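Dear colleague,

I am passing on the structure we spoke about, followed by some notes on what turned up in it. Please read them with the coordinates open beside you.

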Amino acid sequence: MPRTEFISTGFYVPERVVTNDELASIMDTSDEWIRTRTGITERRWAANGQMTSDLAVEASKVALDRAGLQPSDLDCIVLATLSGDYFFPGGGVYLQRKLGITDIPCLDVRNQCTGFLYGLSIADAWIRTGQYKRLLLVGAEVHSTGMDLSTKGRDLSVLFGDGAGAVILGPTEDPGRGVLSTHIFADGRYAELLFCDLGGCAHTPRMSHEHLDAGLHFPVMHGKEVFKHASTKMPDAVKLALQANGLTTADIKVLIPHQANLRISEMVQRQLGLRDDQVYNNIQRYGNTTAGSIPIALDECLQDGGINRGDLVMFAAFGSGFTWGSAAVRW
Ligand code: ACO
């Protein structure tokens, strides 16, 4: 069976930079509070009318260009997002339409911060079995229009940013390279600890003036519980990946953790005993872009020269659901 290789990567973030000071001008927060608790200094916000599929298509075009491929060369699209353009259909078909192609499958993945790794796991299985040969996997989010920007929502709204990362995946016959393993998990007992109430069929009618007045359309989070679980589940998933491949932490060239919060990444690093140069973070500049965070960080790490042929790249993620996982890739 062939393995799955990363043929190319690309990312796109909106032009508008929103600093911590700008947030402090619209809610009761401060640059000092945000930087100390999260490491974030700025994030990007989409322009008026710029949707998740708009960000996704820009990131995809970069990846296609770098691979020397046309959209018509793709045989499958997987889009991971919790912030699709519309409630349904899922965002994949809008990305497909904006790429100007038809008649290939578009799978929507709804696993929040772990969405990219769930997508990678499915893509890897399809590619290894020969089902698809040029698969576009994108993680993309527009959070800025869905958050409570008043002081009431400050615990969440200072964390998140908008952005998209794309990878093109295909088979490699080189037995030494490619995706070595993916491990994905979930525990629905914690679903409400990072949660958005409105939009589904839990309420009749699904949305009312009363619901909106109560702010049920905004996400809510139990920050301390998320922090606690994220900083243990991610290292556990990395250890599992190392064990499954007969590797140790010394073999890791770079760990790209989901960019949830710099303090969580630091905790993960400490739990695994990794050096600073073994962990890549860019949340400082983009905030938490959920399904977009790993592919955005991967592309930046590659452009910075942080990954070379033969290196062991490790991904880890944790998010709403709770969901979590890891992937090991020999570059
Ligand atoms: N600015 C200023 N003050 C704030 C802000 C803010 N943005 N947000 C909360 N506060 C206040 C609180 O109201 C509280 O005030 P009080 O003591 O008067 O009640 C005080 O700061 C401390 O609040 P805590 O919630 O106890 O703060 P904590 O130290 O736990 O930090 C944080 C909050 C940063 C959200 C932390 O819990 C955290 O990082 N959790 C992980 C959450 C996370 O990273 N989620 C990412 C999304 S999920 C994912 O991607 C995995």
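I would begin with Pro 205, which sits in the loop between β9 (194–195) and α7 (209–213). The peptide bond that leads into this proline from Thr 204 is cis, with omega near -5°. Please keep in mind throughout that this is a predicted model.

A cis peptide bond also joins Gly 321 and Phe 322, where omega is about -15°. Phe 322 belongs to the loop between β12 and β13, and with a relative accessibility of 1% this phenylalanine counts as buried.

Two further residues have backbone angles that you may wish to inspect. Gln 112, although not a glycine, has a positive phi of about 50°; this glutamine is in the loop between β5 (106–109) and α5 (115–128), and it is buried, with a relative accessible area of 11%. Thr 290, which is not a glycine either, has a positive phi of about 50°, is placed in the loop between α10 (283–286) and α11 (293–303), and counts as buried at 1% relative accessibility.

Turning to the interior, the largest nonpolar core is made up of 39 residues, and those with the most contacts inside it are Val 238, Ile 252, Leu 255 and Met 314. Two or more residues of this core come from each of α8 (223–244), α9 (262–272), β12 (312–319) and β13 (323–330), with α8 giving the most, namely seven residues. If neighbours within four places in sequence are left aside, Met 314 is in contact with Val 238, Ala 241, Leu 242, Ile 252, Val 254, Leu 255, Ile 256, Ala 327 and Ala 328. There is also a second, separate core of 33 residues, which includes Leu 117, Leu 120, Ala 123 and Tyr 280.

Leu 95, in helix α4 (residues 92–99), is another position to look at in the interior. Its relative accessible area is 0%, so this leucine is buried. Not counting residues up to four places away in sequence, Leu 95 touches Ser 53, Ala 56, Val 57, Ser 60, Ile 77, Leu 79, Leu 136 and Val 138. From Leu 95 to Glu 58 the separation is 37 residues in sequence and 9.7 Å in space, taken from C-alpha to C-alpha.

The last topic is the aromatic rings, for which the count comes to ten aromatic pairs. One of these is the edge-to-face pair of Phe 116 and Phe 315, with 6.4 Å from centre to centre and 80° between the planes. Because Phe 116 lies in helix α5 and Phe 315 in strand β12, this pair ties together parts that are 199 residues apart in sequence. Phe 116 is buried, with a relative accessible area of 1%, and Phe 315 counts as buried at 0% relative accessibility.

Tyr 190 and Phe 322, by contrast, form a stacked pair, 5.1 Å centre to centre and with 15° between the planes. Tyr 190 lies in the loop between β8 (178–186) and β9, and Phe 322 in the loop between β12 and β13, so that this pair ties together parts 132 residues apart in sequence. Tyr 190 counts as partly exposed at 24% relative accessibility, whereas Phe 322 counts as buried at 1%. Both rings belong to a cluster in which ring pairs link Phe 185, Tyr 190, Phe 318, Phe 322 and Trp 324.

With best regards

Notes. Residues numbered from 1 in each chain as written. Predicted model: local features only at pLDDT ≥ 70, side-chain atom pairs only at ≥ 80, totals over all residues. Heavy atoms only, no water. Core = buried A, V, L, I, M, F, W, Y, C linked by side-chain atoms within 4.5 Å. Buried < 20%, exposed > 50% of the residue type's maximum accessible area, 1.4 Å probe, protein only. Helix = DSSP H or I, 4+ residues; strand = E, 2+ residues; numbered from the N terminus. Contact = heavy atoms within 4.5 Å. Phe/Tyr/Trp six-rings, centres within 6.5 Å; stacked < 30°, edge-to-face > 60°.
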